[in-house]
Amino acid sequence: RFGPALHGVVGQPMVPAGRELLVGVTSDAVFGPLVVFGLGGVDTDLVNDRTARLVPLTDVDADEMLTGIRSAPKLFTSTADQAVVRDVIVRVARLAEVLPEVAELDVNPLVVADGTGVVVDARVRVTPTDYVDPYLRRMR
């Protein structure tokens, strides 16, 4: 019993314990959107275990990202967890591909456990972008 001091306070359930991962996008002026995957939370800076790919991404690319970091052999306890992260990577890559205004996107941590994923923190930076077709010939 909390008493009258906490009247009207709403409690939020804690995020279940699980593996903390990061999925992000950064935009390069020459290459375009770059999708990043790796360890999240405190491990992001401590271990610095990440991999990156250019968009567009396929399921095969996402699988290569999942196995391309040093901690990959011990990363997932189930194939369901791996499928959740693959889905997040592919969706974030698609978002970066169709919305060039997304200059930076950071999901950290993405907590994965028991076949579910919870985004604890997300940050998106959007900038105005003029689309230029790189294959369009122009007269000077």
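Which residues in helix 2 meet which residues in helix 3? The legends below begin with that contact. The model shown is predicted.

**View 1. Helix 2 meets helix 3.**
From helix 2 come Asp 59, Ala 62, Asp 63, Met 65 and Leu 66. From helix 3 come Gln 82, Val 85, Arg 86, Ile 89 and Val 90. The two helices pack at an angle of about 120 degrees. Their axes lie 9 Å apart. Angles of 65 to 115 degrees count as roughly perpendicular and those over 145 as roughly antiparallel; helix 2 and helix 3 are therefore oblique to each other. The crossing of helix 2 past helix 3 is right-handed.

**View 2. Helix 3 has a buried face.**
Helix 3 covers residues 79-98, 20 residues in total. At 1.5 Å a residue, helix 3 should span 28 Å. The C-alpha atoms at its ends are 29 Å apart, which agrees. The buried residues of helix 3 are Asp 81, Val 84, Val 85, Val 88, Ile 89, Val 92, Ala 93 and Ala 96. Seen down the helix axis, they fall within an arc of 160 degrees, so they line one face of helix 3. Thr 79 and Arg 91 are exposed on the other side of helix 3. The cover over the buried residues of helix 3 includes four strands and a helix: strand 1 (19-28), strand 2 (32-39), strand 4 (102-113), strand 5 (116-119) and helix 2 (59-67).

**View 3. Val 88 sits in helix 3.**
Val 88 is one of the buried residues of helix 3. Setting aside neighbours within four places in sequence, Val 88 is in contact with Val 23 and Leu 110. Gly 117 is 29 residues from Val 88 along the chain. The C-alpha atoms of Val 88 and Gly 117 are separated by 8.8 Å.

**View 4. Helix 2 has its buried residues on the same side.**
Ala 62, Met 65 and Leu 66 are the buried residues of helix 2. They cover an arc of only 100 degrees around the axis, which puts them on the same side of helix 2. These buried residues pack against strand 2, strand 3 and helix 3. Ala 62, Met 65 and Leu 66 also take part in the meeting with helix 3. The face of helix 2 turned away from the buried side carries Val 60 and Thr 67, both exposed.

**View 5. Val 36 lies in strand 2.**
Val 36 counts as buried, at 17% relative accessibility. Not counting residues up to four places away in sequence, Val 36 touches Leu 22, Val 23, Gly 24, Arg 50, Thr 51, Ala 52 and Met 65. Of these, Met 65 is a buried residue of helix 2. Val 23 is also in contact with Val 88 of helix 3. Asp 106 is 70 residues from Val 36 along the chain. The C-alpha atoms of Val 36 and Asp 106 are separated by 9.0 Å.

**View 6. Pro 56 and Pro 109 each follow a cis peptide bond.**
Most peptide bonds are trans. The bond that joins Val 55 and Pro 56 is cis, with omega about 5 degrees. Pro 56 is in the loop between strand 3 (50-54) and helix 2. The bond from Asn 108 to Pro 109 is also cis, with omega near 5 degrees. Pro 109 has its place in strand 4.

**View 7. Asn 48 and Asp 114 have positive phi.**
Most residues other than glycine have a negative phi. Asn 48 has phi near 55 degrees. Its place is in the loop between helix 1 (43-46) and strand 3. With a relative accessible area of 45%, Asn 48 is partly exposed. Asp 114 has a phi of about 55 degrees. Asp 114 lies in the loop between strand 4 and strand 5. With a relative accessible area of 76%, Asp 114 is exposed.

**View 8. The protein chain has three helices and six strands.**
From the N terminus on, the elements run β-β-α-β-α-α-β-β-β. The chain has 140 residues, and buried residues make up 31% of them. Among contacts between residues at least 6 apart in sequence, 47% join residues at least 24 apart.

Methods
Residues are numbered from 1 along each chain as its sequence is written. This is a predicted model: local features need pLDDT of at least 70, side-chain atom pairs count only at pLDDT 80 or more; totals for chains, interfaces and linings use all residues. Side-chain values use heavy atoms; hydrogens and water are left out. The expected span of a helix is 1.5 Å times one less than its number of residues. Buried means under 20% relative accessible area, exposed over 50%, partly exposed in between (1.4 Å probe, protein chains only). The arc is that of the directions from the helix axis to the C-beta atoms. Contact means heavy atoms within 4.5 Å. Axes are lines fitted to C-alpha atoms, for helices over the stretch in contact, and angles run from 0 to 180 degrees between N-to-C directions. Angles under 35 degrees count as roughly parallel, over 145 as roughly antiparallel, 65 to 115 as roughly perpendicular and the rest as oblique. A crossing is left-handed if the near helix is turned anticlockwise from the far one by less than a right angle, and right-handed if clockwise.
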